[in-house]
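Dear colleague,

I am handing over the structure below, and I would be glad if you kept it open while you read the notes that follow it.

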Amino acid sequence: MNDLALTCQRLTLVLVAGALISACASGPKARTELGPYACDAPGKATPKRQVNIIYIHGASEYTAENRDAFKAQIAAMHQLVRTEFSHYPQIRAGLLASCTYRLAEAPIVFYWGDIPGEEIERVYDLLQLTGKGERGFVGSQRRRFALALHDVVWLAKSYNTRRLFERLHREVTRVIQAGDDFVLWGHSAGGLVAVYYLGNYLPIVDVRTLGWPARALKGWQGQYFTCVQALYATDLIRVRNDGTLLGVLQDLPSTASANMRRLWPQYLTERADMLRRQTAQTCLPAGRLRGIVTAGSPVALLISMGRNVEGDLVRALTLYLYNLGVSVVNVTHRGDMLGLAVGELPTELRRELGVPIDAQHEGFIVNHTTASGGSFIGAHSWYLRKPKPYVRAWAETYAKGYDRVHPAAK
């Protein structure tokens, strides 16, 4: 009889607690409980505020008929997230702000596969015509790429995304009104949804850069930032032919009548006040977004750094993320041909944005590509099919990014 069996026998004879007997018989306990860095572990004062993770799927993969499959996948993944994250001091210090927050017990699953509607059916019809009903490897890959390309093209059209963003904004607003913060997680096209949404609703536009006369800004009292959605809602912005932004509030031409000159200051004040009200009503409050997570997403391919409205907004969004301590974590499976890396900004671009070159800022962008994990055939769905290695890669990648900007905390 070995030592472990003898010990358990003696404990049984003296009638120790049943739980202790069970622990001896079963060996070491599996790592299913929250770890030492959990902010809501038993025996600790549980923070009242939460960080909610809003999970966004890729459009064409989840139609109305199989939306429950995504919910089930995310429910399983989120429990792994809570367990795995609790073993990392970097997540406790950064994402949860030294236990000012706790990670929400339940995920928020955001579904939008019903919005494209009949267009997805048209894709399936085209696939039938192209492949003549073919099955097997070629048929499955053609289907995957066709749906992915459809998602990218569909999301690039602003009239398509209006309903989508409004629905997501209602979900985010509910989280904020409850006093909580949030992380947006997106798989595949869901990563595009997350970034496009934030680019429209975060207060990243400095109205002083829109060419408005100084007297139109008197009532702003130092709070000069608004969001694209508020500018569009108040019809106070245009896009020039060269793709740059133009504010509508311009000074009167010298040929304006005396009556127009008399009324113009009041008009400027009313329009500026309208934008301030719309900003408070529409834009996300600063500091409530705590992270962006993308998995198998082509979002990097669509980010423009050019001298146009997209490039300007990308620069503004990037600077916002750095300065307000938002983490951007991207994990890509090595075999995923639809997922692209989202790396750290080049030094020259960071200098242009005003991001400190010495990395003394709170926000960070960090990328990880898996070294292994299966063939490319199922790589794009690996994040959801194999949540355990994916979640661990997510946690480790966050820790790597946090350590990079907080070297003294290692």
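Accessible areas here come from the Shrake-Rupley method with a 1.4 Å probe, and for residues only the protein chains shown count as cover. On that basis the protein exposes about 20,700 Å², of which carbon and sulfur atoms supply 55%. Of its 410 residues, 49% count as buried, where buried means under 20% relative accessible area, exposed over 50%, and partly exposed in between (1.4 Å probe, protein chains only).

Please bear in mind that this is a predicted model, in which local features need pLDDT of at least 70 and side-chain atom pairs count only at pLDDT 80 or more, while totals for chains, interfaces and linings use all residues. Residues are numbered from 1 along each chain as its sequence is written, and side-chain values use heavy atoms, with hydrogens and water left out.

On confidence, the protein averages a pLDDT (the predictor's confidence in each residue, from 0 to 100) of 77, and 69% of the residues score at least 70. The protein has 15 helices and 11 strands, taken as DSSP runs numbered from the N terminus (helices are H or I, at least four residues; strands are E, at least two). Among these elements, helix 2 (residues 18–26) has the lowest mean pLDDT, 29, and strand 4 (residues 181–187) the highest, 97. Over residues 1–31 the pLDDT is below 50, and this stretch has 14 contacts in the model beyond near neighbours in sequence, a contact meaning heavy atoms within 4.5 Å. Where pLDDT is low, the predicted coordinates should not be read in detail. As for contacts in the protein with a separation of 6 or more, residues 24 or more positions apart account for 78% of them.

Turning to the aromatic residues, rings of Phe, Tyr and Trp (its six-membered ring) pair if their centres lie within 6.5 Å, and planes under 30 degrees apart count as stacked, over 60 as edge-to-face and the rest as tilted. By this rule the count comes to 11 aromatic pairs. One of them joins Trp382 and Tyr383 edge-to-face, at 5.4 Å centre to centre and with 75° between the planes, and both of these residues are buried. Ring pairs also link Trp382 and Tyr383 into a cluster with Tyr55, Phe85, Trp185, Tyr390 and Trp394.

Val328 is a second place to look, and it lies in strand 10 (residues 327–332). Val328 is buried, because its relative accessible area is 10%. Leaving aside residues up to four places away in sequence, Val328 touches Ile292, Leu321, Phe364, Ile365 and Val366. Its C-alpha is 5.9 Å from that of Val293, although the two are 35 residues apart in sequence.

Finally, two backbone angles deserve a check by eye. Cys99, in the loop between helix 4 (89–93) and strand 2, has a positive phi of about 65° although it is not a glycine. Ser188, in the loop between strand 4 and helix 8 (189–201), likewise has a positive phi, near 60°, in a residue other than glycine. Ser188 counts as buried because its relative accessible area is 6%.

With best wishes
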